[in-house]
Amino acid sequence: MVSKGYIDCGENTELFKALAAMNDENDREQWFVEEGRMFKCTSDKINGYSYHWMTTRKATAEEIVQYFKNKER
């Protein structure tokens, strides 16, 4: 479903919120990937976090879905 642009979040409100937060205007509530580790930014900009800027990027929708899928197990 992700490849077609549709994602069924079921009753997982955290997954829905994570996907809904994806935007290019700010970093608040968005998920990032750093060397295989995922974390959520709780401020408007990621600048306040300790991270390695060369290896950190915003997570894709597919990565977020997979993260929450693994979290449920």
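At the start of H1, a side-chain oxygen of Asn 12 comes to within 3.2 Å of the backbone nitrogen of Glu 14, and I should say at once that this is a predicted model, so please hear every value that follows as computed from it. Asn 12 itself sits in the segment before H1, and with a relative accessible area of 16% this residue is buried, since the cut-off for buried is under 20%. Leaving aside residues up to four places away in sequence, Asn 12 touches Phe 68 and Glu 72, and both of those positions fall within helix H2, which covers residues 61–72.

Let me stay with H1 for a moment, which runs over residues 13–20. Which residues of H1 are buried? They are Leu 15, Ala 18 and Leu 19, and because they cover an arc of only 95° around the axis, they lie on the same side of H1. Phe 16, Lys 17 and Ala 20, by contrast, are exposed on the other side of that helix. As for what the buried residues of H1 pack against, the partners are S1 and H2.

That brings me to H2, which has 12 residues and spans 17 Å from its first C-alpha to its last, close to the 16 Å expected at 1.5 Å a residue. Its buried residues are Ala 61, Ile 64, Val 65 and Phe 68, and these cover an arc of only 100° around the axis, which means that they are on the same side of H2. Phe 68, you will recall, is one of the residues touched by Asn 12. The buried residues of H2 pack against helix H1, and also against strand S1, residues 31–34, and strand S2, residues 37–40.

Now to the sheet. It is an open sheet of 3 strands in the order S2-S1-S3, with antiparallel pairing. Why is one side of S2 and of S3 left without a neighbour in the sheet? Both S2 and strand S3, which is residues 56–58, stand at the edges with a single partner strand each, and therefore one side of each has no neighbour there. On average, and with direction ignored, neighbouring strands of this sheet are turned by 30° against each other. Between S1 and S2, which run antiparallel, there are 4 bridges, and Val 33 stands opposite Met 38 in S2. H2 packs on this sheet and touches S1, S2 and S3, its direction making about 90° with that of S1.

Finally, I would like to point out two backbone positions in the loops. Most residues other than glycine have a negative phi. Glu 29, in the loop between H1 and S1, has a phi near 65°, a positive value in a residue that is not glycine, and with a relative accessible area of 31% this residue is partly exposed. Glu 35 is found in the loop between S1 and S2, where its phi is also positive, at about 50°, although Glu 35 is not a glycine either. Is Glu 35 buried or exposed? At 64% relative accessibility it counts as exposed, because the cut-off for that class is over 50%.

Note on methods. Residues numbered from 1 in each chain as written. Predicted model: local features only at pLDDT ≥ 70, side-chain atom pairs only at ≥ 80, totals over all residues. Heavy atoms only, no water. Expected span 1.5 Å × (residues − 1). Buried < 20%, exposed > 50% of the residue type's maximum accessible area, 1.4 Å probe, protein only. Arc of directions from axis to C-beta. Contact = heavy atoms within 4.5 Å. Pairing = 2+ DSSP bridges. Axes fitted to C-alpha atoms, helices over the stretch in contact; angles between N-to-C directions. Polar contact = N/O pair within 3.5 Å; in protein donor to acceptor, adjacent residues only side chain to side chain.
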